[in-house]
Amino acid sequence: PHKENNFWIQFISIDPEYQGQGYASKLAEEVFRFAKKEGYSLHASTYRKEGDIKLRPVLSRLAAEFSVNFTEESNLKF
């Protein structure tokens, strides 16, 4: 979405050696913290199957926790 004060979250990627240690969640948390502080909304444009399983719940939880307007594409990329 091309709106003022709206950032896209398109990729969050962690080196396979470090996956499963919470780094993607921490990175996403900082993105939401920044968005809250600066008054931005966030939009997740696509998910791969792994992202849908692992990241979508984290992003939804963070949106509620930080009270940030968060939208997602309706068509996921598998």
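## Strands, core and salt bridges

Four bridges join strand β1, residues 6-9, to strand β2, and the two strands run parallel. In this predicted model, one residue pair that shows the register is Ile 9, which stands opposite Ala 44 in β2. To get from β1 to β2 the chain passes through helix α1, residues 23-38, and the resulting β-α-β crossover is right-handed. Strand β2 also pairs with strand β3, residues 70-72, again in the parallel sense, here over three bridges; within that pairing, Leu 42 has Phe 70 of β3 as its bridge partner.

These pieces belong to a chain with two helices and three strands, which follow one another along the sequence in the pattern β-α-β-α-β. Among the contacts between residues at least 6 apart in sequence, 75% join residues at least 24 apart. Of the 78 residues, 28% count as buried, while the surface that the chain exposes comes to about 5,600 Å², with carbon and sulfur atoms supplying 51% of it.

Strand β2, which spans residues 41-44, deserves a second look, and the question to ask is which of its residues are buried on each side. Ser 41 and His 43 are buried on one side, and Leu 42 and Ala 44 are buried on the other, so that both faces of the strand are covered. This division follows a general pattern, because in a regular strand the side chains alternate between the two faces of the sheet.

The largest nonpolar core has 14 residues, and those that touch the most other members are Ile 9, Phe 32, Leu 42, Leu 59, Leu 62, Val 68 and Phe 70. Helix α1, strand β2 and helix α2, residues 49-66, each supply at least two residues of this core, and α2 gives the most, with six. Two of the residues already met in the pairing of β2 with β3, Leu 42 and Phe 70, are thus among these well-connected members. For Leu 62, leaving aside its neighbours within four places in sequence, the contacts are Ser 25, Ala 28, Glu 29, Phe 32 and Ser 67.

One of those contacts of Leu 62, Glu 29, leads on to the charged side chains. Side chains of opposite charge can pair when their charged atoms come close, and the structure holds four salt bridges. In one of them the side chains of Arg 33 and Glu 29 meet at 3.1 Å, N to O; because these residues lie four apart in helix α1, they are separated by about one helical turn. Their surroundings can be described separately: Arg 33 counts as partly exposed, at 36% relative accessibility, whereas Glu 29, at 17%, counts as buried because this value is under 20%.

Arg 33 also forms a salt bridge with Glu 30, with the closest N and O atoms 2.7 Å apart. Glu 30 and Arg 33 are three residues apart in α1, so here too the separation is about one helical turn, and Glu 30 is partly exposed, with a relative accessible area of 46%.

Where does the salt bridge between Arg 56 and Glu 72 place its two partners? The side chains meet at 3.3 Å, N to O, and the pair links distant parts of the chain, with Arg 56 in helix α2, Glu 72 in strand β3, and their positions 16 residues apart in the sequence. Both ends are partly exposed, Arg 56 with a relative accessible area of 25% and Glu 72 at 31% relative accessibility. Back in α1, by contrast, salt bridges that share partners join Glu 29, Glu 30 and Arg 33 into one network.

Note on methods:
Residues numbered from 1 in each chain as written. Predicted model: local features only at pLDDT ≥ 70, side-chain atom pairs only at ≥ 80, totals over all residues. Heavy atoms only, no water. Buried < 20%, exposed > 50% of the residue type's maximum accessible area, 1.4 Å probe, protein only. Contact = heavy atoms within 4.5 Å. Areas by Shrake-Rupley, 256 points an atom, 1.4 Å probe, with all protein chains shown as cover. Pairing = 2+ DSSP bridges. Right-handed = clockwise from strand over helix to strand, strands pointing away. Core = buried A, V, L, I, M, F, W, Y, C linked by side-chain atoms within 4.5 Å.
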